[in-house]
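Grab your favourite viewer and a pencil. Here is a short set of exercises on helix packing and burial, each with a worked solution.

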Amino acid sequence: MTAQSYDVIVIGAGPAGYAAAIRSAQLGKKTACIDRKLNAANEPRLGGTCFSAGCIPSKTLLELSEFYEHASQFLSQHGLRYEHLSLDLEAMMARKEQVIDNLAQGIATLFKAHGITWLAGHGLLLGERRVGFTPHGGVPQSLEAEHIVLAPGSVPVTLPGIAFDGLRIIDSADALSLTAPPKRLGVVGAGVIGLELASIWRRLGSEVVLLDAQESFLSHCDEQIMREAQRNFVRQGLDLRLNARVTGAQVDDQGVSVQYQHEGHALEERVTHLLVAVGRQPATDGLISPQAELALDEYGLIHVNEVCETTLPGVYAVGDCVRGPMLAHKGAEEGRVVAERICGEDIQIHYSTIPQVIYTLPEIAWLGKTEQALKAEGVPYRSGVFPFSVSGRARAMDATSGMVKLLTHQENDRLLGAHIIGAQASELIASLVVAMEFGACGEDLARMVFPHPTLAQAIPEAAALATQGYSLHMGRAPTPSP
Ligand code: FAD
Ligand code: NAD
């Protein structure tokens, strides 16, 4: 084997790519990972969008902005008073960069510990077993590998006629690095990114108006959860306008004029900054040489089967560049499974138990089927809904908004769907992933004893409501017959 030849080459070092690289190396494969991402100081940085401009910076700022809002608005109502709270956005952004750097450094340490060759620069699929690599500022080289894993991630979708300028019309990466809260932030798209970033800037002092083309809000969520979410966001002061399709935007010295269609009317809105968050598309530009003959699907995603094999033998694709939800944990699992299959394991990816979370306040987390999907499919089901307003811990935390909603099969009692809106929903959903993976029934969950006082106690309560129609703290048990 020459120095330019590997068992596995991975293109992309986001969660999908670095998982594939680390797992391949752990299982004894000679592995290289190519990634072109640079930090603000033009140094190579591992971790992809997730670290640099996605999960990690958004969650850091969501956490800090939540502290700020609590400190400035709510704590004094509970007897904690102090003077001179102020926002130091520069320090907040520095904290965010420090979190990213620490995590990226951690992956670099893992690469080194596992003997993975980290190639900083551009990767190009040339064909079966052949990859082109151009180092930053260097000349193209040709590499060979038995197995090639494509993990290039995704980039923001643009709207026709609305170009990002990085200053007034911005994407999510720009919105995570602003130097001052926008006076009036317009957000096109009230999806996951729109809601999370709108929450950050509203808490830090911006007026926020969200414009979304859809008639219904968060249409992929359970409808009951979605209604609760909408109520909460509107109460918090987000100006949420549905059925508002944005068609154009012009920048001037003061800000941006945004045109949108609403119920047949052409309307206009003035904002100081406009965040466009209307979805993401696979980052396949410049990734695949025309000779490679790799099939894409109708959405431009790399076509793969259920175990992430592409149409070229020995070439796999994982993460945001393939079908399925664009989630870091979904991509990381695909990367891990592909590496293990390359090394001879016969394992599958459990797509049906992958949870989703929106990290707003309240948080929204779910897995499995929604109630509207069960109805549409004609599946007989039972529903148990336990509101956090009844939870002692939620009262103590002043976090009484929301509920745990469990859906079970009417005949065999199997857990079919779990939907949580409330504080720490992102943590609570994990136990329901375990339950669904192990094929739990409502009755199993209803009999679980969780510590008191915790938000998690809402889970057995909701399960009892689904299976028997009442629980210890909700509903009335049928009168026992004499
Ligand atoms: P990426 O993380 O995008 O990494 C791909 C890497 O490949 C990048 O470094 C890129 O530079 C590199 N690359 C691309 N092409 C080439 C090439 N030709 N040569 C060399 N290198 C290349 N998901 C969650 O699960 N939870 C969250 O809380 C969450 N929050 C998010 C918040 C925001 C604002 C955004 C934008 C996304 C968020 N996501 C979240 C989605 C998550 O970031 C993605 O699903 C995840 O990063 C996808 O991982 P990946 O490895 O497929 O791609
Ligand atoms: P999205 O698909 O969640 O939302 C896009 C929204 O834009 C939709 O509601 C759509 O109706 C709206 N839209 C499209 N065109 C429009 C127009 N012309 N005018 C007005 N509205 C319009 O996409 P996103 O929020 O950009 O997020 C992209 C992906 O990133 C998500 O699919 C998600 O998987 C991932 N992500 C995940 C997390 C998380 O897990 N917490 C966080 C951020 C991003």
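The exercises below all use this predicted model.

**Exercise 1. Work out how α3 and α4 are arranged and which residues join them.**

Solution.
- Step 1: Find the two helices. α3 covers residues 55-74, and α4 covers residues 89-113.
- Step 2: Get the geometry. Their axes come within 9 Å and cross at roughly 140°.
- Step 3: Classify the angle. Over 145 degrees would count as roughly antiparallel, and 65 to 115 as roughly perpendicular. The α3/α4 pair is therefore oblique.
- Step 4: Add the hand, which for α3 and α4 is right-handed.
- Step 5: List the partners. From α3 come I56, P57, T60, L61 and L64, and they meet M92, M93, R95, K96, V99, I100 and L103 of α4.
- Step 6: Sort them by class. The contact of α3 with α4 holds 9 nonpolar, 1 polar and 2 charged residues.

**Exercise 2. Zoom in on T60: is T60 buried or exposed?**

Solution.
- Step 1: Place the residue. T60 sits in helix α3.
- Step 2: Check the accessibility. T60 has 11% relative accessibility, so T60 counts as buried, the cut-off being under 20%.
- Step 3: Look for neighbours. Setting aside residues up to four places away in sequence, T60 touches R95, K96 and V99. R95, K96 and V99 are also among the α4 residues in the contact with α3.

**Exercise 3. Now describe how α1 passes α4.**

Solution.
- Step 1: Take the distance and angle. The axes of α1 and α4 come within 10 Å, crossing at roughly 25°.
- Step 2: Classify. Angles under 35 degrees count as roughly parallel, so α1 is roughly parallel to α4.
- Step 3: Name the hand, which is left-handed for α1 and α4.
- Step 4: Pick out the residues. Y18, A21 and I22 of α1 make the contact with I107, L110 and F111 of α4.
- Step 5: Sort by class. You get 6 nonpolar, no polar and no charged residues in the contact of α1 with α4.

**Exercise 4. Check the length of α8, then find what its buried residues pack against.**

Solution.
- Step 1: Compare the span with expectation. α8 (residues 328-342) has 15 residues and reaches 21 Å from its first C-alpha to its last, close to the 21 Å expected at 1.5 Å a residue.
- Step 2: List the buried set. For α8 this is K330, G331, E334, G335, V337, V338, A339, E340 and I342.
- Step 3: Find the partners. The buried residues of α8 pack against β1 (5-11), α1 (15-26), β5 (141-150) and β16 (315-317).
- Step 4: See what comes after. G344 follows α8 and has a positive phi, near 100°.

**Exercise 5. Contrast the settings of S199 and Y299.**

Solution.
- Step 1: Locate each one. S199 lies in helix α6 (residues 192-203), while Y299 is in the loop between β15 and β16.
- Step 2: Compare accessibility. S199, at 1%, counts as buried, whereas Y299, at 61%, counts as exposed.
- Step 3: Check what lies further along the chain. Beyond neighbours within four places in sequence, S199 is in contact with L62 and T360. Y299 and V322 are 23 residues apart in sequence, and their C-alpha atoms are 9.6 Å apart.

Technical notes
Residues are numbered from 1 along each chain as its sequence is written. Chains are lettered from A and ligands numbered from 1 in the order in which they are written. This is a predicted model: local features need pLDDT of at least 70, side-chain atom pairs count only at pLDDT 80 or more; totals for chains, interfaces and linings use all residues. Side-chain values use heavy atoms; hydrogens and water are left out. Axes are lines fitted to C-alpha atoms, for helices over the stretch in contact, and angles run from 0 to 180 degrees between N-to-C directions. Helices (H or I, at least four residues) and strands (E, at least two) are DSSP runs, numbered from the N terminus. A crossing is left-handed if the near helix is turned anticlockwise from the far one by less than a right angle, and right-handed if clockwise. Contact means heavy atoms within 4.5 Å. Ala, Val, Leu, Ile, Met, Phe, Trp, Tyr, Cys and Pro count as nonpolar, Asp, Glu, Lys and Arg as charged, and the others, Gly among them, as polar. The expected span of a helix is 1.5 Å times one less than its number of residues. Buried means under 20% relative accessible area, exposed over 50%, partly exposed in between (1.4 Å probe, protein chains only).
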